[in-house]
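Colleague: I have a model open and want to learn how to read its inside. Can we go through it together?

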Amino acid sequence: MGDYGVGVVILIMMVSVVIVAGYLIGSIPFGYIFARLAGHGDIRQIGSGHTGATNVLLVTGRKPLAALSFLFDAAKGAFAVYITLGEQPSDLPVVVFGLSAFLGHLFPIWLSFKGGQGAAVLFGMATFLAWPIGLISAAIWLAVTALLQSAVLATFTASLVSAILFGFTAHPQFALIFAIAAAVLGLRHRTELRTLLKAKILKSDPSAKPGQAEGKGD
């Protein structure tokens, strides 16, 4: 095997390590852990079924516990991009590690791949990479949640906006994290998002027939 072949093998190994490490960090289910330690059992069996801060609040009714869950999940996202940033950042490791952490949060191996929605993790990444974008995404999440009562749609929307905003920064490749995250959320919750869109159309136009708001297939 020549030098080129050795280099390819080393690169593949490094990327594999980054993916696995990012996934394992992201898959730490802080909301699930905190709720169980506080005596509320498995929060996946109650409320929305997710392990994030929103369901922690819904199930436990304890704002400090939900805030703690949010902060620790956000720290996962911030750490995921921090650990891959150097003095001269290379965008690829940041994107790969960040996405791996996000997917780990959504599909943790410890909980049969049933985790949270990733809002806090994405907020942590966005805030660490460019805090103004992090604040904007948080404001959008809060606004959509308040108006439409849907954390899923709020996270999806905030991810899309973050992707667009990062496209205009010095490192537009970071937009990939949030664009892919939005795509994953869209696929994972396509039925719920389609139902919300249908309800919104019917509310704005009562004369519309239910079938007109539905898309075909999945």
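Modeller: Here are some questions about a pocket and the nonpolar cores. This is a predicted model: local features need pLDDT of at least 70, side-chain atom pairs count only at pLDDT 80 or more, and totals for chains, interfaces and linings use all residues. Residues are numbered from 1 along each chain as its sequence is written, and side-chain values use heavy atoms, leaving out hydrogens and water.

Colleague: Which helix gives the largest share of the lining of the largest pocket?

Modeller: A pocket is an open set of points on a 1 Å grid over the protein atoms alone, where a 1.4 Å probe fits, with protein on both sides within 12 Å along at least five of seven lines; lining residues have an atom within 4 Å of a point. Here 38 residues line the largest pocket, and Thr-54, Phe-70, Ala-119, Trp-141 and Ala-151 are among the closest to its centre. Helices are DSSP runs (H or I, at least four residues), numbered from the N terminus. The largest share, six residues, comes from H8.

Colleague: Which helix supplies the largest share of the largest nonpolar core?

Modeller: Such a core is a set of buried (under 20% relative accessible area, 1.4 Å probe, protein chains only) Ala, Val, Leu, Ile, Met, Phe, Trp, Tyr and Cys residues joined through side-chain atoms within 4.5 Å. This one has 24 residues. H4, H5 (91–106), H6, H8 and H9 (175–188) each supply at least two. The largest share, seven residues, comes from H5.

Colleague: How many residues are in the other core?

Modeller: That core lies apart from the largest one. Among its members are Ile-140, Trp-141, Val-144 and Leu-193. Its count is nine residues.

Conventions:
Buried means under 20% relative accessible area, exposed over 50%, partly exposed in between (1.4 Å probe, protein chains only).
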